[in-house]
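Work through the exercises below with the model open beside you. Try each task before you read its solution.

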Amino acid sequence: MDRWTLRGVALLAAWLPAFAGHAADANANADVWLGSGWDGPVPHAVRLQLTPGGGELRLGAPWACRLPLKREGTGYTPGLSVNGGTACDRLSGRRLTVQVDGQRLRLDGLSLTSLTLRPAGDAATASGARTLALSAPGDTAVELRLVAAALGERSGEWRQGGATPCRAVLELAAVDTGQQWHVFTAGTSGGGCDRWVGRTVVLPSAPGAAVTVRGARGADVVLSPK
């Protein structure tokens, strides 16, 4: 190894701790806020990460897309959608304004009404693992396996029996005191589960209550507990 190579290795070794410290500082300055937006009867999780220079906006299933944000004065301008999706595409170039009030953040420009977000540690979550046995129309057996999750995270799995058994992944989209909304993602095993993609499982908090599958169009499907 010649002296120029040795010098390069020494310089790299000296720079690495500085780069690591800079990355840690940038991460420490990032704020993550969570909430839920609505498109008709179907909700989606909203995750906003802010940094000194901008950040990132993520919309959960059924949109499943994200946008880089550039800070401009008191607002933020979304760039091109990283992974596509009509909801993110129509936001590209639109100005978003943010107003923080204690443990709440108001986000304007995303929809017709202001969207309220909360810090990730204080946002609503679905807690506790449980399994529900349900009966769908046509005497189709469904097993709903739920896990603890924050908004926008994988919250469980839909297992459907019958002639064409299949599985579908669920993502937590919204929570209030009375019920939870879990959206079907594109992660299915095919078969009879593909028709559920983009729909929402509405789960009441009351034990033993019926579970509803709701879509942006079409009639609701009601599942009875076994």
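**Exercise 1. Find the bridge partner of Leu134 in S18, and then place that pair in its barrel.**

Step 1. The partner of Leu134 in S18 is Pro225. Before going on, note the ground rules. This is a predicted model, in which local features need pLDDT of at least 70 and side-chain atom pairs count only at pLDDT 80 or more, while totals for chains, interfaces and linings use all residues. Residues are numbered from 1 along each chain as its sequence is written, and side-chain values use heavy atoms, with hydrogens and water left out.

Step 2. Look at the two strands. S10 covers residues 130-136 and S18 covers residues 221-225. They run antiparallel and are joined by two bridges. Strands here are DSSP runs (E, at least two residues), as helices are (H or I, at least four), and both are numbered from the N terminus. Two strands pair if DSSP finds at least two bridges between them.

Step 3. Find another pair. Ser135 has Ser224 in S18 as its bridge partner.

Step 4. Turn to the other neighbour. S10 pairs with S11 (residues 140-146) over seven bridges, in the antiparallel sense. Thr131 stands opposite Arg145 in S11. The hairpin of S10 and S11 has three residues between the strands, and Gly138 there takes a positive phi near 85°.

Step 5. Go round the ring. The order is S10-S11-S13-S14-S15-S16-S17-S18, a closed barrel of eight strands with antiparallel pairing. From one strand to the next the twist averages 30°. Such angles run from 0 to 180 degrees between N-to-C directions, with axes as lines fitted to C-alpha atoms (for helices, over the stretch in contact).

**Exercise 2. Trace the closed barrel that runs from S1 to S8, and then inspect the loop between S3 and S4.**

Step 1. This closed barrel has eight strands in the order S1-S2-S3-S4-S5-S6-S7-S8, paired antiparallel. Its twist averages 30° from one strand to the next.

Step 2. Take one pair of strands. S2 (residues 42-51) and S3 run antiparallel and share six bridges. Arg47 stands opposite Arg58 in S3.

Step 3. Move on to the loop. Pro62 sits between S3 (54-59) and S4. The peptide bond from Ala61 to Pro62 is cis, with omega near 10°. Ala64 lies in the loop between S3 and S4 too. Ala64 is not a glycine, yet its phi is positive, about 50°.

Step 4. Compare with the general rule. Most residues other than glycine have a negative phi, and most peptide bonds are trans.

**Exercise 3. How many disulfides does a search of the whole structure find, and which parts do they link?**

Step 1. The search finds two disulfides. The cut-off is a pair of cysteine sulfur atoms within 2.5 Å.

Step 2. Take Cys65 and Cys88. Their sulfur atoms are 2.2 Å apart. The pair links distant parts of the chain, 23 residues apart: Cys65 is in S4 (residues 65-72) and Cys88 in helix H2 (residues 86-89). The link is right-handed, with 90° about the S-S bond.

Step 3. Take Cys166 and Cys193. Here the sulfur atoms are 2.1 Å apart. Cys166 is in S14 (residues 166-175) and Cys193 in the loop between S15 (179-188) and S16 (200-204), so the disulfide ties together parts 27 residues apart in sequence. This link is right-handed as well, with 80° about the S-S bond.

Step 4. Check accessibility. Buried means under 20% relative accessible area, exposed over 50%, partly exposed in between (1.4 Å probe, protein chains only). Cys65 is buried at 3%, and Cys88 is buried at 0%. Cys166 is buried at 4%, and Cys193 is buried at 0%.

**Exercise 4. Is Glu56 buried or exposed, and which residue does Glu56 meet in a salt bridge?**

Step 1. Glu56 is buried, because its relative accessible area is 15%.

Step 2. Its partner is Arg66, with the closest N and O atoms 2.8 Å apart. The limit for a salt bridge is 4 Å, from a side-chain nitrogen of Lys or Arg to a carboxyl oxygen of Asp or Glu. Arg66 is partly exposed at 29%.

Step 3. Contrast another salt bridge, Arg154 with Glu157 at 3.8 Å, N to O. Arg154 is exposed at 51%, whereas Glu157 is buried at 13%.
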